[in-house]
Amino acid sequence: PPDISLTNVKAHLTQLQNIATANGGNRAHGRPGYLASANYVKGLLDSAGYSTTLQSFTYNGATGYNVIADWPGGNPDDILMVGAHLDSVTAGPGINDNGSGSAAILETALEVARQSLVPTKHLRFAWWGAEEGGLRGSTYYVSNLSTTDRSKIKGYYNFDMVASPNPGYFLYDGDDSDGVGSGPGPAGSAELERVLADYFTSIGVPTRGTDFDGRSDYGPFISRGIPAGGTFTGAEGTKTSAQATLWGGTAGQAFDSCYHRSCDTTSNINDTALNRNADAIAYAVWTVAAAPAPVVV
Ligand code: PHE
Ligand code: ZN
Ligand code: ZN
Ligand code: ZN
């Protein structure tokens with residue numbers, strides 16, 4: 001798997017910040033900064049050779065958009081999806097939430113193209129609209145698939161906040177290893193978690209589980225029984241002293257003290273967390289989608 005360029009990921013964040021600044025300070029559903037963000041992502045993917053769709057839907061009296069990008073090739077009946085929400089709240093530019101996940105999966109998708117990856121599975125990336133209004137874009141997408149098309153999606157990786165300034169390293173707890181909270185994800189989620197866990201083990205960074213509590217775009221996937229996984233570096237929750245011992249940073253402070261605030265700018269990014277998560281995403285895509293088929297003798 002490739003090493004994803006932190007410089008390139010941060011350049012996307014700068015572009016998303018500039019889009020917000022030019023459009024009243026946010027990239028929220030129904031505001032011009034959202035469509036500009038969607039067009040930025042779509043333009044790069046189109047140039048790289050993806051088949052892209054701007055899927056529109058209506059929420060709260062405004063048009064929302066999902067950007068769906070298919071990488072040509074792979075088994076069309078065996079699809080891996082990778083997604084991130086692209087909208088911000090109205091209060092600010094949404095650079096950690098969720099420019100970070102959006103930029104990290106964008107750069108991974110562009111690296112797939114640069115390497116002319118020939119995956120075994122079919123690869124589909126998604127940038128969701130109106131997550132902040134209640135997972136509206138991802139819900140629209142999943143609800144509008146036919147039963148047959150839905151059954152072809154064998155896994156969904158979600159990335160929502162992957163560069164929190166006081167970061168934790170959380171993996172959606174597909175195997176319910178901690179035995180508390182919402183329980184395991186759909187069958188197959190444990191395997192998606194394991195791949196991410198293997199990456200963090202390989203770089204010597206400990207991880208902890210975070211529950212599928214329904215707060216991000218994996219929700220409509222797991223409610224339809226599609227296995228899901230992903231990473232998260234923390235939102236408004238407070239880092240405990242045990243977590244500060246594990247990961248560094250500041251105990252007693254929020255993972256992201258600018259969560260849903262105007263200060264969620266390009267200054268609200270931990271580069272180390274962003275770099276590690278972007279590389280983890282690429283590792284997972286290459287491992288899950290591109291693993292060579294076993295040789296049959
Ligand atoms: N989805 C939340 C938001 O966008 C953030 C979040 C992500 C919370 C993952 C919990 C887990 O505001
Ligand atoms: Zn949010
Ligand atoms: Zn979010
Ligand atoms: Zn787990």
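Biologist: Leaving aside its neighbours within four places in sequence, which residues is Ile105 in contact with?

Modeller: This is a predicted model, in which local features need pLDDT of at least 70 and side-chain atom pairs count only at pLDDT 80 or more, while totals for chains, interfaces and linings use all residues. Residues are numbered from 1 along each chain as its sequence is written, and chains are lettered from A and ligands numbered from 1 in the order in which they are written. Two residues are in contact if their C-beta atoms, placed from the backbone, lie within 7 Å. By that rule, and without the neighbours within four places in sequence, the partners of Ile105 are Val82, Ala84, Phe125, Phe159 and Ile281.

Biologist: How many residues does helix H9 give to the largest nonpolar core?

Modeller: A nonpolar core is a set of buried Ala, Val, Leu, Ile, Met, Phe, Trp, Tyr and Cys residues joined through C-beta atoms within 7 Å, where buried means that 20 or more other C-beta atoms lie within 10 Å of a residue's own, exposed means 12 or fewer, and partly exposed lies in between, with C-beta atoms placed from the backbone. The largest such core has 77 residues, and those with the most contacts inside it include Ile105 and Ile281. Helices (H or I, at least four residues) and strands (E, at least two) are DSSP runs, numbered from the N terminus. The largest share of this core comes from helix H9, residues 271–290, with 11 residues.

Biologist: Why does Ser88 count as buried?

Modeller: Ser88 is found in the loop between strand E3 (75–85) and H3, and, not counting residues up to four places away in sequence, Ser88 touches residues including Ala20, Asn26 and Pro93. Ser88 counts as buried because the number of C-beta neighbours inside 10 Å is 30.

Biologist: Is Ser116 buried or exposed?

Modeller: Ser116 lies in the loop between H3 and strand E4 (121–128), and has a positive phi of about 50° although it is not a glycine. Because Ser116 has 9 C-beta neighbours inside 10 Å, this residue counts as exposed.

Biologist: How many other C-beta atoms lie within 10 Å of His260, which is partly exposed?

Modeller: His260 is found in the loop between helix H8 (241–247) and H9, and its phi is positive, about 60°, although His260 is not a glycine. His260 is partly exposed because the number of other C-beta atoms within 10 Å is 16.

Biologist: How many charged residues are in the shell around ligand 1?

Modeller: A residue is near a molecule if its C-beta atom, placed from the backbone, lies within 6 Å of it, and the residues around ligand 1 include Asp97, Glu131, Met161 and Ser216. Ala, Val, Leu, Ile, Met, Phe, Trp, Tyr, Cys and Pro count as nonpolar, Asp, Glu, Lys and Arg as charged, and the others, Gly among them, as polar. By class, the shell has 3 nonpolar residues and 1 polar residue, and the number of charged residues is 5.

Biologist: To which residue does the cis peptide bond from Asp97 lead?

Modeller: Asp97 is one of the residues around ligand 1. The peptide bond that starts at Asp97 is cis, with omega near 0°, and leads to a residue found in helix H3 (residues 95–114), namely Asn98.

Biologist: What percentage of the 297 residues in the chain is buried?

Modeller: The chain has 9 helices and 8 strands, and its C-alpha trace spans about 55 × 45 × 35 Å along the principal axes. Of the 297 residues, the buried ones make up 52%.
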